[in-house]
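This report describes the overall build of one protein chain and then turns to selected residues. The sequence and structure are shown first.

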Amino acid sequence: MPCYNAAPHLTMSIGCVLAQTAPDWELIAIDDGSTDDTAARLSAFSDPRIRVIRQENGGVSVARNRGLAEARGEYVAFLDADDTWEPTFLARMEATLAARPDAVLAYCGWQNLGLPGGRGAPFVPPDYEGPDKAARLIEGCRWPIHAALTRRACIQAAGGFDRRLVIGEDFLLWMTVAIPRPILRVPEVLAYYHFHGGVQATGNRLRFARQTLAAQRIFLGEHPGVASALGNARIREITLAPLLRRAYEAYWARDLQTARALFIDVMKSGYGTLGDWKYMLPSLLPLALHRALIRQSDDRSSP
């Protein structure tokens with residue numbers, strides 16, 4: 001559990017670990033240079049299964065890698081300091097992996113809590129083991145970091161979390177671990193992602209989209225056999241189509257600066273239909289002119 005200025009959330013997140021029905025666990029909490037009272041809150045937990053490590057601030061990947069280096073168990077899960085698990089999470093996930101020695105990872109369903117507009121319905125992902133597994137796992141991160149349990153040896157063999165990525169470090173790790181070997185689905189909602197007013201990694205649309213693409217390109221560059229099996233056309237489809245979709249999401253939300261930057265990224269790769277280019281090309285205009293064109297279009301389409 002990487003902890004950076006996480007004091008308001010620790011009672012909830014560590015509480016969900018203490019509530020696990022599986023008693024044989026260790027929680028490695030990394031205080032990553034917090035400037036609030038995270039250290040004091042962590043010290044207040046007296047359970048001997050909780051180990052607290054303090055270090056200078058190095059970022060989430062450094063903190064998670066430090067936890068991996070300290071871990072002693074056969075299985076590893078990652079829980080951010082503001083998220084939670086069902087009490088049966090560890091028991092259900094461990095039993096699933098233990099029954100299949102050839103599998104490297106188990107993943108489960110999750111629910112986003114705190115989103116406005118009723119957008120927090122529980123979600124159970126599909127079974128990704130199939131002929132199109134590599135493409136589906138490369139196309140996007142298929143589970144949040146705390147909705148998976150892995151074998152520690154496999155995570156270590158993959159090199160842990162890549163410090164080149166600020167967002168998407170878990171996405172790259174999951175591709176590296178999960179594509180070559182079997183993974184298992186636990187079709188239950190056992191993990192919860194809590195949205196709140198703080199700074200959360202996926203809050204920056206532009207950085208998230210670009211870091212996702214960077215993770216995909218790093219993985220494909222380091223696994224030429226996977227890239228060759230997919231072929232260039234399929235790779236463009238599973239990497240650039242999601243980037244274009246995120247550009248449109250920003251565009252229709254009128255986050256024009258993000259949309260323009262992503263449209264330009266897509267155009268540089270020569271991707272999109274003629275209809276897409278109609279929306280993308282104005283991104284090359286000055287921002288004020290682009291905004292004026294959109295206002296004119298909105299005015300014409302108004303009743």
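A salt bridge is taken here as a side-chain nitrogen of Lys or Arg within 4 Å of a carboxyl oxygen of Asp or Glu. A residue counts as buried when its relative accessible area is under 20%. The model under discussion is a predicted one.

**A buried acidic residue**

Asp32 meets the second of these criteria but not the first: the residue is buried and yet has no salt bridge. The nearest side chain of opposite charge belongs to Arg66, at a distance of 8.2 Å. Asp32 is part of strand E2, which covers residues 27-32. Setting aside neighbours within four places in sequence, the contacts of Asp32 include Cys3 and Tyr4. Further contacts of Asp32 are made with Gln55, Glu56, Asn57, Gly58, Gly59, Val60 and Ala63.

**The protein as a whole**

The secondary structure consists of 13 helices and 8 strands. Along the principal axes, the C-alpha atoms fill a box of roughly 65 × 45 × 35 Å. The radius of gyration is 21 Å, which agrees with the value near 19 Å expected for a compact globule because the protein has 303 residues.

Of the 303 residues, 48% count as buried. The accessible surface amounts to about 14,500 Å², and carbon and sulfur atoms account for 54% of that area. Among contacts between residues at least 6 apart in sequence, 73% join residues that are at least 24 apart. The protein carries 34 positive and 32 negative charges, and the mean positions of the two sets lie 6 Å apart.

**Positive phi outside glycine**

Two residues other than glycine are considered for their backbone angle: Asn5 has a positive phi, and so does Arg254. Their values are set out below.

| Residue | Phi | Relative accessibility |
|---|---|---|
| Asn5 | near 50° | 28% |
| Arg254 | about 60° | 33% |

Where in the chain do Asn5 and Arg254 lie? Asn5 is placed in the loop between strand E1 (2-3) and helix H1 (10-18). Arg254 is found in the loop between helix H10 (232-252) and helix H11 (256-268).

Are these side chains buried, or are they exposed in part? Asn5 counts as partly exposed because its relative accessibility is 28%. Arg254 is likewise partly exposed, given its relative accessible area of 33%. Asp32, by contrast, is buried.

Notes:
Residues are numbered from 1 along each chain as its sequence is written. This is a predicted model: local features need pLDDT of at least 70, side-chain atom pairs count only at pLDDT 80 or more; totals for chains, interfaces and linings use all residues. Side-chain values use heavy atoms; hydrogens and water are left out. Helices (H or I, at least four residues) and strands (E, at least two) are DSSP runs, numbered from the N terminus. The radius of gyration is taken over C-alpha atoms; the globule rule is 2.2 Å times the number of residues to the power 0.38. Buried means under 20% relative accessible area, exposed over 50%, partly exposed in between (1.4 Å probe, protein chains only). Contact means heavy atoms within 4.5 Å. Accessible areas come from the Shrake-Rupley method with a 1.4 Å probe; for residues, only the protein chains shown count as cover. Lys and Arg count as positive and Asp and Glu as negative; His and the chain ends are not counted. The place of a charge is taken as NZ of Lys, CZ of Arg, CG of Asp or CD of Glu.
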